[in-house]
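The following note collects points for a colleague who is about to examine the coordinates. The points are numbered for ease of reference.

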Amino acid sequence: MSSPPKLSNDCFALPPGVHWTPVDETLTSLRERVSVVTGIEPAPTVAAGGRVLAADVVAKRNSPPYANSAVDGYGFAFASLGGEGAQSLPLAHGRAAAGGPFNGVVPVGQALRILTGAIVPEGIDTIVLEEDVIIEDDVLKFAMGLRKGANVRPKGEDVSAGGHVLSAGRILQPQDLGLLAAVGVDTIQVRKRLRVAVLSTGDELRQVGEDIASHQIYDANRPMLLDLIRRWGMEPVDLGHVRDDAKIVEQMLTRGAREADVILTSGGASAGDEDHISAALQASGTLNLWRVAVKPGRPLALAMWGGVPVFGLPGNPVAAFVTALIFARPTLLELSGAGWAEPRAMHLPAAFSKNKKPGRREYLRAKMDANGHAEVFKSEGSGRISGLTWAEGLVELMDEGREIVEGVPVRFYPFSEFGL
Ligand code: AMP
Ligand code: MG
């Protein structure tokens, strides 16, 4: 199986002189710069939930494969019926059931017992529901009021053999597996899972469960980012956390480049002295700090290391989470073969008021209240990680300044729009 081409080392370069990049431009730039990096492998349909389809799929079989009954009832030729009013047809011997076909021909003027899912036997084109009839002395009686073809599901009505059923890039949903099985597709070509390495950086970090000193904090970003990756159907590769030491950071990036298709780091991504991710990536000659006009979030550090893209997220957990949803997710989906995907906003009346300054986009931790209004977390403090847990989505305030008063519509993304 051929591997897709690697990204080039200068793929994240921005034109010179660019300062604060608006969110939309950042997304467009990212989208232009990345492409699928995962290989292709076969997978049994039954085990392919959540995988990314690598090729379009066509039906191997009609669905339904033969005309069948939609109900339990009685079938006959429509031509057997006479005008308006009461109908009566003698019953033919036997019956048609799902998995138990009736092999004869039903003569015009007679009716046959037929059950849901049964192949419609020759001679039948219309079926009356059993609740709508009475049987007296082996004669079927009912009132007219049926159209020709009633309660018959025609062959191939849903999907015809050779017809397109699913497109490459689709992340397979439970119902897709049902459809694939119905049309006889037992094996499909899927993308190998995108391997995403996650590395935390900072002298102050300890892993939860470890002994900790008062000047240290637990690494909150790594468990959060690793689980996001898992939820997105990708394969997390845990690189642990490293001290702010350029050499150690470099070693870990090299390991990440060996074990993963892309590396997500958090912390150390601005230009400060202690920002060793920036320093290490600088050494690769490919670092670009994208100063995105977004709150929360500081620069995104983008670079290539050992042939794989590195996505440097801010250290602050709220900023790391929001920038992972807004910037990393569509990028990772594109790399994975699922294709670029941005969330779709709902418009909800604000349950808050705020004077939003112009110049950058803001994401507020939010949820829909009992009245269907968008409520925001009591604090915009970006260190308040509990607000992410309180929230059920994000309110997006666009780049321009805006006086928001209660009741005006605001853009709300439920977390489900980010694949959560
Ligand atoms: P930095 O981007 O490294 O300057 O970090 C910004 C803020 O986020 C600092 O207060 C860090 O202590 C904090 N921070 C960085 N990484 C993590 C992490 N993995 N978990 C929790 N907080 C972090
Ligand atoms: Mg740091």
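1. Is isoleucine 385 buried, exposed or partly exposed? In this predicted model, isoleucine 385 counts as partly exposed because its relative accessibility is 35%, which falls between the 20% limit for buried and the 50% limit for exposed residues. Isoleucine 385 belongs to the loop between β25 (374–376) and α7 (386–390). The C-alpha atoms of isoleucine 385 and valine 262 are separated by 26 Å in space, and the two residues by 123 positions in sequence.

2. The domain assignment divides the protein into four parts: domain 1 (20–39 + 192–336), domain 2 (43–63 + 157–191), domain 3 (68–153) and domain 4 (346–418). Between the centres of domain 3 and domain 4, taken over C-alpha atoms, the distance is 59 Å.

3. Ligand 1 has 14 residues around it, of which Glu204, Asp219, Ala220, Gly268 and Arg298 come nearest. Classified by residue type, this shell holds five nonpolar, six polar and three charged residues.

4. Which side chains place polar atoms opposite those of ligand 1? Glutamate 204 has a polar side-chain atom 2.5 Å from an oxygen atom of ligand 1. For aspartate 219, an N or O atom of the side chain is 2.8 Å from a nitrogen atom of the ligand. Asparagine 221 has a polar side-chain atom 3.3 Å from a nitrogen atom of ligand 1. On its own, ligand 1 has 490 Å² of accessible area, and the protein covers 75% of that area.

5. Strand β20 (residues 300–305) is mostly covered, with six of its six residues buried. In a regular strand, side chains alternate between the two faces of the sheet. On one side of β20 are Leu300, Leu302 and Met304, on the other Ala301, Ala303 and Trp305, and all of these are buried.

6. The pairing of β20 deserves a separate entry. Strand β18 (residues 288–290) pairs with β20 in the antiparallel sense over three bridges, and asparagine 288 has leucine 302 as its bridge partner in β20. Strand β21 (residues 308–313) is also antiparallel to β20, joined to it by five bridges; here tryptophan 305 stands opposite valine 308. A hairpin is formed by β20 and β21 with two residues between them, and glycine 306 in the turn has a positive phi of about 55°.

7. Two cis peptide bonds should be noted when the model is prepared for further work. One joins serine 63 and proline 64, with omega about -5°; proline 64 lies in the loop between β2 (57–58) and β3 (68–69). Another joins lysine 295 and proline 296, with omega about 0°, and proline 296 is in the loop between β19 (294–295) and β20.

8. Aspartate 137 and aspartate 138 both have positive phi values although neither is glycine, near 50° for aspartate 137 and near 60° for aspartate 138. The loop between β8 (134–136) and β9 (139–143) contains aspartate 137, and aspartate 138 is placed there too. Aspartate 137 counts as exposed because its relative accessible area is 76%, and aspartate 138 is likewise exposed, at 54%.

9. Glutamine 216, in the loop between β14 (205–206) and β15 (217–218), has a relative accessible area of 19% and therefore counts as buried, the limit being under 20%. A polar atom of its side chain lies 2.8 Å from the backbone nitrogen of alanine 213.

Terms used
Residues numbered from 1 in each chain as written. Chains lettered and ligands numbered in written order. Predicted model: local features only at pLDDT ≥ 70, side-chain atom pairs only at ≥ 80, totals over all residues. Heavy atoms only, no water. Near = heavy atom within 4 Å. Polar contact = N/O pair within 3.5 Å; in protein donor to acceptor, adjacent residues only side chain to side chain. Areas by Shrake-Rupley, 256 points an atom, 1.4 Å probe, with all protein chains shown as cover. Nonpolar A, V, L, I, M, F, W, Y, C, P; charged D, E, K, R; others polar. Domains from an automatic or database assignment. Buried < 20%, exposed > 50% of the residue type's maximum accessible area, 1.4 Å probe, protein only. Helix = DSSP H or I, 4+ residues; strand = E, 2+ residues; numbered from the N terminus. Pairing = 2+ DSSP bridges.
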